[in-house]
Amino acid sequence: MSKEEVYRNRKIQRLVRFSKEENDYLKDKIERSPFNNFQNYARILLLTGEVKMVDYSELQRLNGEVNRIGNNINQIAKLAHQFKEISGEDINDLSQQLSEIQAMISERFKEELKQERLI
């Protein structure tokens, strides 16, 4: 037994054969899945009976928009301090609200990732 095999958690190997068409189909499915190789994809599929794919694009877009809002608030804060037009309290209030929004988005990401790992 090699040194590498001693440290493996999964020591039992299974062999599966595919036709060219089946292999091409499988490669396409793996590319569209959250897994980066056949072993991970096949193990999850065989053990759970399904591979769940989650689309985070909307959450990522929302996170980007919130970050842009944060940049705008920072620019407003600079101008407010320069011209003394807006109170520091108002800016702190805006910053606090933005932080709460960012925390909600972050929490949602974490929830989605937990759900994905449970599968």
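K20 forms a salt bridge with D24, with 3.0 Å between the closest N and O atoms. The model is predicted. Both residues belong to helix α2. They are 4 residues apart, about one turn of the helix. K20 is exposed, with a relative accessible area of 57%. D24 is partly exposed, at 36% relative accessibility.

A search of the whole structure finds 4 salt bridges. Another of them joins R32 to D28, where the closest N and O atoms are 3.1 Å apart. This pair, too, lies in helix α2. R32 and D28 are 4 residues apart, about one turn of the helix. R32 is partly exposed at 48% relative accessibility. D28 is also partly exposed, with a relative accessible area of 34%.

Helix α4 (residues 57-83) holds both partners of a further bridge, R61 and E58. Their closest N and O atoms are 3.2 Å apart. The two are 3 residues apart, about one turn of the helix. R61 has a relative accessible area of 46% and is partly exposed. E58 reaches 53% relative accessibility, so it counts as exposed, the cut-off being over 50%.

Aromatic contacts were examined next. The count comes to 2 aromatic pairs. F18 and F38 form an edge-to-face pair, with 6.0 Å centre to centre and 80° between the planes. This pair links distant parts of the chain. F18 sits in the loop between α1 (3-6) and α2 (20-32). F38 is in helix α3 (residues 38-48), and the two residues are 20 apart. Both rings belong to partly exposed residues: F18 has 39% relative accessibility, and F38 has 37%.

F35 and Y41 also form an edge-to-face pair. Here the distance is 6.5 Å centre to centre, and the angle between the planes is 75°. F35 is partly exposed, with a relative accessible area of 24%. Y41 is at 6% relative accessibility and therefore counts as buried, the cut-off being under 20%.

The surface also carries a patch of charge. E89, D90, D93 and E100 form a negative surface patch. Of these, E100 is placed in helix α5 (residues 88-118). E100 is partly exposed, with a relative accessible area of 44%. Residues of a patch must have over 30% relative accessible area, so E100 meets that cut-off.

Note on methods: Residues numbered from 1 in each chain as written. Predicted model: local features only at pLDDT ≥ 70, side-chain atom pairs only at ≥ 80, totals over all residues. Heavy atoms only, no water. Patch = residues over 30% accessible without salt bridge, like charges linked within 9 Å, V, L, I, M, F, W, Y side chains within 5 Å. Areas by Shrake-Rupley, 256 points an atom, 1.4 Å probe, with all protein chains shown as cover. Salt bridge = Lys/Arg side-chain N within 4 Å of Asp/Glu carboxyl O. Lys, Arg positive; Asp, Glu negative; His and termini not counted. Charge placed at Lys NZ, Arg CZ, Asp CG, Glu CD. Buried < 20%, exposed > 50% of the residue type's maximum accessible area, 1.4 Å probe, protein only. Phe/Tyr/Trp six-rings, centres within 6.5 Å; stacked < 30°, edge-to-face > 60°.
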